[in-house]
Each structure stands twice: as C-alpha cells, then as structure tokens.
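Hello,

Here is the structure I promised to pass on to you. Have a look at it first, and then read my notes below.

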Amino acid sequence: MRSAEGRGRTLDEAVDAALIELGETRRNVDVKVVSENANETIVEVSVIDPAVAEAAGSMPQANGKAETVRSLLEGLLKHMGVRAQVQVRPGSDPITLDITGRDLGALIGWRGETLRALQSVTNVMVGKHLDEGERVIVDVERYRQRREHTVREIALRAARQVKMTGDAITLDAMQAFERRAIHLALESDPDVSSSSIGEEPDRRVVVGPRKPAE
Amino acid sequence: MAAADQIRRAIAVVNAAADGAGDEDITPTEIAEAIRDCLELAETSAMPKVRKYLGEALDATSDGMPADFVAMTLYAALGALQEGRSLH
C-alpha cells in the first residue's frame with residue numbers, strides 16, 4: 001500500500017501535502033493523524049488498495065438499501081444546490097455515506113454542526129428504508145473520520161500523560177461520537193480509564209488512572 | 001442563557017441520545033426538559049414560528065419519534081430564530 005507522510009500547520013494542510021506527494025485525491029486515501037500540536041500536524045496518508053476498493057465498491061450495487069439511501073442523499077444535495085458526489089463507504093457498518101466535492105466547508109459548518117444537521121435530515125428521509133434502530137452516518141470530505149482520528153490521538157496523548165503524572169486530565173467538550181471514540185480508544189488500556197462529566201453541550205471526557213477495582 | 005444557545009443545548013442532548021457515546025443514558029424526559037427550557041425563554045415567547053417548531057419537537061419527543069426527527073425539528077427552530085432576529 002502506498003503511503004506518504006504529510007506535515008502542515010493544520011490537519012488540512014498536512015493532508016494536502018501528503019496528497020500532492022502521492023498524486024491522489026482525498027476520496028482514495030485513508031488518513032491517520034501521527035501527531036498534532038499547536039504548531040504542526042503530522043499525518044500518514046495511505047492510498048486505499050484499488051483491488052479492495054473495487055471489490056468493496058461493488059457492494060453498494062449488491063446492497064440495495066445502501067444504494068437507495070445514497071441516491072436519496074444525492075437528491076437532497078441536488079435540491080440544496082450543492083454539487084457533490086455521494087458514495088457508500090466500502091464495508092461500512094452502519095452505512096456511511098461519503099460526500100466529496102469542491103468547497104464543501106459550508107456543508108460541515110461550525111464544529112460540524114451543519115454536517116450533523118444534514119445527518120439528522122438524511123436519517124429522517126431514509127428512515128422507512130432502514131431497519132428499526134438502524135441509522136446512516138453522513139461524512140463530508142472525511143471530516144468526521146478525521147475528527148475521530150484526532151480525538152483518538154488526543155486520548156492516547158492524555159493517557160500517556162496520566163501514566164506519567166498519575167493525575168486525571170479533563171479534555172475539552174466534545175460531541176457524543178467523539179467521546180465514544182475516546183472511550184473505545186482507552187477501554188483496553190489497563191492503566192487508565194475514561195469517564196464523562198458535565199451536561200450537553202459541555203460534556204467532557206476525563207482520563208484518569210484506572211482504579212484497582214475497575 | 002440566550003435562546004440560540006439553549007436550542008443548541010437541546011439539540012446536543014438529542015444528538016447525544018441518537019449517537020450514543022455510551023457514557024450516559026439520556027431519557028426522553030431529559031430531552032423534553034431541555035426543549036421546555038427553550039420555550040420558557042422570553043426571546044422565544046415573542047417568536048411564534050420558533051415556538052411552533054419547539055412545540056412540535058416536544059410533541060415528537062413525547063410521541064416517541066426518532067431522535068433524528070426531534071433534532072431536525074429543533075434545527076428548524078434554530079433557523080426560525082435566526083430568521084426572526086434578522087427581521088427585527
């Protein structure tokens with residue numbers, strides 16, 4: 001699998017640097033955040049194996065439900081006057097719809113608020129095509145995936161610090177999917193545990209030393 | 001708390017229920033409380049359209065409608081609030 005390291009002041013700059021080196025577009029790559037601080041972000045960008053992508057790419061055709069959901073979202077975007085492509089993320093469970101195109105920042109909005117609203121509307125629209133309790137995830141330019149990567153890295157950094165100092169760390173307020181990513185990242189760590197405090201939308205994850213009884 | 005912040009808080013509660021971070025159980029009562037808090041604000045009482053959407057969101061919650069539906073209605077209330085402000 002081809003991959004490249006990218007560096008930049010922001011996550012977007014780092015990803016773009018790696019994409020230029022690879023000669024690829026965001027649609028064909030996976031992004032892993034290697035490190036992130038106030039001055040520099042380093043990412044590892046890997047090109048998705050074309051054979052795997054092609055094999056998985058045939059799944060939406062095989063999965064009529066995913067294709068129906070995809071075309072409904074595509075129709076919604078068309079009505080909104082947004083020129084973008086919608087693809088079903090290969091092998092995703094729950095069904096994840098990736099929206100790609102140019103200048104889609106407005107679809108993400110402040111801290112992903114517009115993206116989250118779009119996901120709610122999409123789920124209401126496609127609800128009758130889904131099983132009970134089943135939901136679809138909507139992602140724009142892999143924003144959500146990158147956020148998950150980022151918060152996972154934050155969690156691992158916090159865990160390292162907790163192990164060194166023995167003091168608990170309270171992270172910034174995060175959305176539910178981000179908190180879940182942190183809980184999942186640390187659940188198998190024998191030395192630290194995570195819990196949440198506060199009320200929405202200021203609910204924060206606290207990473208602290210795991211107590212012996214836990 | 002300003003009306004927009006209060007509606008955003010209600011949306012966050014609903015979204016947390018829908019996304020399920022696994023770190024708390026959000027009950028419909030809590031969602032209803034968050035929406036009622038929005039209805040009690042002086043700012044929203046002067047905006048019938050906002051109240052209409054908030055009322056619909058409250059009804060949807062008590063009717064057991066999916067969280068995404070409630071969230072969508074609250075987003076509509078937020079939009080109506082911003083629309084109402086720009087008209088004043």
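**What I found**

Glu141(A) counts as buried, because 22 C-beta neighbours lie inside 10 Å and 20 or more make a residue buried. Please keep in mind that this is a predicted model. Glu141(A) sits in the loop between S6 and H7 of chain A, and although it is not a glycine, it has a positive phi of about 50 degrees.

Another residue makes a useful companion to it. Asp103(A) is not a glycine and has a positive phi of about 50 degrees. This one lies in the loop between S5 and helix H5 (105-108) of chain A. Is Asp103(A) buried or exposed? It is exposed, because 9 other C-beta atoms lie within 10 Å of it and 12 or fewer make a residue exposed.

The loops of Glu141(A) and Asp103(A) bring us to a sheet in chain A. Three strands form an open sheet in the order S4-S5-S6, with mixed pairing. Strand S4 (84-88) and strand S6 (137-140) of chain A are at the edges with a single partner strand each, so one side of each has no neighbour in the sheet. On average, neighbouring strands of this sheet are turned by 25 degrees against each other, direction ignored. Strand S5 (residues 96-101) of chain A pairs with S6(A) in the parallel sense, over 4 bridges. Within that pairing, Thr96(A) has Ile137(A) in S6(A) as its bridge partner.

The loop between S4 and S5 of chain A is worth a look too, as Pro94(A) is found there. A cis peptide bond joins Asp93(A) to Pro94(A), with omega at about 5 degrees.

Next comes helix H7 of chain A, which covers residues 143-165. Its 23 residues reach 33 Å from the first C-alpha to the last, close to the 33 Å expected at 1.5 Å a residue. Which residues of H7(A) are buried? Among them are Tyr143(A), Arg144(A), Arg147(A), Glu148(A), Val151(A), Ile154(A) and Ala158(A). Just after H7(A), Gly166(A) takes a positive phi of about 80 degrees.

On a wider scale, chain A is divided into domain 1 (3-48), domain 2 (52-141) and domain 3 (146-209). The centres of domain 2 and domain 3 of chain A, taken over C-alpha atoms, are separated by 28 Å.

Finally, the two chains meet. The contact takes 17 residues from chain A and 18 residues from chain B. On the side of chain B that touches chain A, helix H1 (3-19) and helix H5 (67-87) of chain B are the elements that give two or more residues. The largest share there, 7 residues, comes from H1(B). That side of chain B divides into 9 nonpolar, 3 polar and 6 charged residues.

A good place to zoom in is Ala12(B), which lies in helix H1 of chain B. Ala12(B) is buried, with 23 other C-beta atoms within 10 Å. What does Ala12(B) contact, leaving aside its neighbours within four places in sequence? Its contacts are Glu200(A) and Pro201(A). Those two residues of chain A are themselves joined by a cis peptide bond, with omega at about 0 degrees, and Pro201(A) is in the loop between strand S8 (192-197) and strand S9 (204-209) of chain A.

Best wishes

Terms used: Residues are numbered from 1 along each chain as its sequence is written. Chains are lettered from A and ligands numbered from 1 in the order in which they are written. This is a predicted model: local features need pLDDT of at least 70, side-chain atom pairs count only at pLDDT 80 or more; totals for chains, interfaces and linings use all residues. Two residues are in contact if their C-beta atoms, placed from the backbone, lie within 7 Å. Ala, Val, Leu, Ile, Met, Phe, Trp, Tyr, Cys and Pro count as nonpolar, Asp, Glu, Lys and Arg as charged, and the others, Gly among them, as polar. Domain bounds come from an automatic or database domain assignment. The expected span of a helix is 1.5 Å times one less than its number of residues. Two strands pair if DSSP finds at least two bridges between them. Axes are lines fitted to C-alpha atoms, for helices over the stretch in contact, and angles run from 0 to 180 degrees between N-to-C directions.
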